[in-house]
Structure formats: structure tokens, C-alpha cells
Amino acid sequence: MMSRTSNNLWPDLAALDLRPTTDTLHLWSQVVGKVRLMLTPWINHSWQATFYLSCRGFTTGPIYGDGRAFEMEFDLLSDLLRIDTAGGEARRVKLEAQSVAAFYEATMAALAELGLAVEIRRMPCEIPDAVAFNEDHAQRAYDPDTARAYWHAMLQVQRVFLLFRSRFVGKCSPIHLFWGSFDLAVTRFSGRDAPPHPGGMPHVPNAVAREAYSREVSSAGFWPGIDHPAFYSYAYPAPNGFGLTKIEPEAAMFDTQLGEFLLPYDAVRSSTDPDAALLAFLQSTYEAAANLAHWERSRLERAQGQFGRLPEGA
């Protein structure tokens, strides 16, 4: 049985001026993410390039440059980008109010000093009207307390996503942070092919989008949102009637422009049981996709994972 958790564990993001800091982190993350992208063999759905949450912020995990292992971590407790090699060498880049160009130049210089120089594509992805990293000299905001609050929120989201993830035995993504749109996501697959994606994402080759959506999916995630942080859930391809399905909780709605269900973060945080509210959203939106598209649910699902023991019937 899932234990109830206090909503005090979920930071009050509505009390913060969130977007200036998350927008900055988003752009900085693209610089670091593209380093991993250039040094890692391509894995289906671009999973080779994502970040993972850590107990200090979020990290690339090990990257290999000419056989040498190193890691790049946004340490939000110390306000540093940590670059550490398996040989014990290290460099640090300060996370502070600065331009994207300054962060890019400092990061590239730190890698070069470690003998890990790498050329990356300097145009941000999935951001309309983007400016190349080395040409973006506008001063960017960075508030450490806001960054830490958003990261603490992501940790709570990941904890609940893990419960939801445990209910599925078909192909499913890791729970990881995509730097393209700065969303923490988990994706389930039906096992069937999908029609070619139309592409059209800013500064993303259509071939990348088509490979990413080459299989039928139900995907959910958490992101800073347009007006406020929110959870999302979509299906590709979206089955007929998907957006008309009644889902839970009541605060959730279907955004016709985005083509996905949205649930404000604050509606989860302020509920009497945040875990149950988020799980209801994840489960009901998945069922809307799976039922309408006739997924083989009996083959793909099982009971929620237990702590320390195999679920019954597994």
C-alpha cells in the first residue's frame, strides 16, 4: 500500500518567480547536454543524451571522451557545474547570474583544460527564436533558492513516477530529464509502430523527431510550463476521442493547442494527498490512450511494485 506523504514535501513553486531561473537552467542544460550528445552513441528515442536527477541536482552520468570517463553535474546545493574525471581531475563552473555565452565559454574552457575539448552544435533546440550559445550575451537571472526549490519538486515527482513506472512491464523509458524542453518524463510503449511524425520542432532535424516518435506511446512528464509548472500527458498517435476522455483529478484539463492533458503542479501540491492526485492523473491519462488505441494491457501491466520484494503474480 502506498503511504500518504505530506504536501510539505512538495515545494510551493507558486510563491516563486520561477521562470527566469528555470529558463536559464534550461539553456545551460542544453550546453552540457550537447556535450554528452556528441560523445555518446545514438540510442533509440534520443535516450543517450538525457540527464538524471541526483542528490545534488542533475547529472549526465558517465561520459566517455577518447576512452576517459567523466561526469558533468549541475550541483544545485553548491551552485556549481561540477566536471569530474574518473582519474580524479576536476573543474568547476559557477552557477550565477550571467549570460549564456559566458556559461558556454567557461564550460568549454574547463573541458579543454581537462583534455576533453569537444565541438558542439551551438544553436539551442526546441526553443523558438533561439540565439546561438556563443552569441547570447543577454544577462540571465539565476536565483539559487528558486533552482533548489524546482529541483526538490522534481525529486518528489520522480518518486511518484517510480511508483507509476513499476506498474508496467512492457517497453518503458527511464525517468529522465530531457534538455530539449527541460521536462522530466516517463514514456510507455504499446509495442506497435507509429506513423511518421510531422517534425517541425525548432532547430531539431525532422529525422530526429521521427525516430523519437517511431513507436506508439503514452508519455507523461513535468515541466516549468508556459504560465506555471505543470504535469502533462499525451499519446502519439493520439487515438480518436483522446482529448474528450474524462480523467482525474478534477483540476486536469485537455489543452487543444498543445494536444495533451495538463495538471497544474499547485493542484497536486495543495491536495490532501499529492501522491494519490498525481498517480490518478498518470493512470487515467494512460488508460485513456491505451483503451482507445486497444493496447494489449493484460500483457503490458502488473501490480504496483513492492518495496524489497517481487510483486505477486510477477
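Colleague: In this predicted model, which residue of β14 stands opposite F254?

Modeller: F254 faces F261 of β14.

Colleague: What makes β13 and β14 paired strands?

Modeller: Two strands pair if at least two bridges are found between them. Here 3 bridges join β13 to β14 (residues 260-264), so the pairing condition is met. The two strands run antiparallel.

Colleague: To which sheet do these strands belong, and in what order do its strands lie?

Modeller: They belong to an open sheet of 6 strands, in the order β9-β10-β11-β12-β14-β13, with antiparallel pairing. On average, neighbouring strands of this sheet are turned by 35° against each other, direction ignored.

Colleague: Why are β9 and β13 called edge strands?

Modeller: β9 (176-178) and β13 (253-255) each have a single partner strand, so one side of each has no neighbour in the sheet.

Colleague: Which strands does α3 lie across, and which does α6 touch?

Modeller: Helix α3 lies across β9, β10 (183-193), β11 (215-223) and β12 (230-236), and runs at about 25° to β10. Helix α6 packs on the sheet by touching β10, β11, β12 and β14, and its direction makes about 15° with that of β12.

Colleague: Why are α3 and α6 called oblique to each other?

Modeller: Helix α3 (residues 144-165) and helix α6 (residues 274-292) pack at an angle of about 45°, their axes being 10 Å apart. Angles under 35 degrees count as roughly parallel, and those from 65 to 115 as roughly perpendicular. An angle of about 45° falls in neither class, nor is it over 145, so the pair is oblique. The crossing of α3 past α6 is right-handed.

Colleague: Which residues make this contact, and how do they divide by class?

Modeller: From α3 come R159, V160, F161, L163 and F164, and from α6 come D275, L278, L279, L282, Q283 and Y286. They comprise 8 nonpolar, 1 polar and 2 charged residues.

Colleague: What makes α1 and α3 roughly perpendicular?

Modeller: Helix α1 (residues 18-38) packs against α3 at an angle of about 80°, with the axes 9 Å apart. Since 65 to 115 degrees counts as roughly perpendicular, this angle qualifies. The contact is made by L18, T21, T22 and L25 of α1 with T146, A147 and Y150 of α3. These residues divide into 4 nonpolar, 3 polar and no charged.

Colleague: How do you know that the radius of gyration agrees with that of a compact globule?

Modeller: For 314 residues, a compact globule would have a radius of gyration near 20 Å, and the protein chain has 20 Å, so the two agree.

Definitions and conventions: Residues numbered from 1 in each chain as written. Predicted model: local features only at pLDDT ≥ 70, side-chain atom pairs only at ≥ 80, totals over all residues. Heavy atoms only, no water. Axes fitted to C-alpha atoms, helices over the stretch in contact; angles between N-to-C directions. Helix = DSSP H or I, 4+ residues; strand = E, 2+ residues; numbered from the N terminus. Left-handed = near helix turned anticlockwise from the far one by under 90°. Contact = heavy atoms within 4.5 Å. Nonpolar A, V, L, I, M, F, W, Y, C, P; charged D, E, K, R; others polar. Rg over C-alpha atoms; globule rule 2.2 N^0.38 Å.
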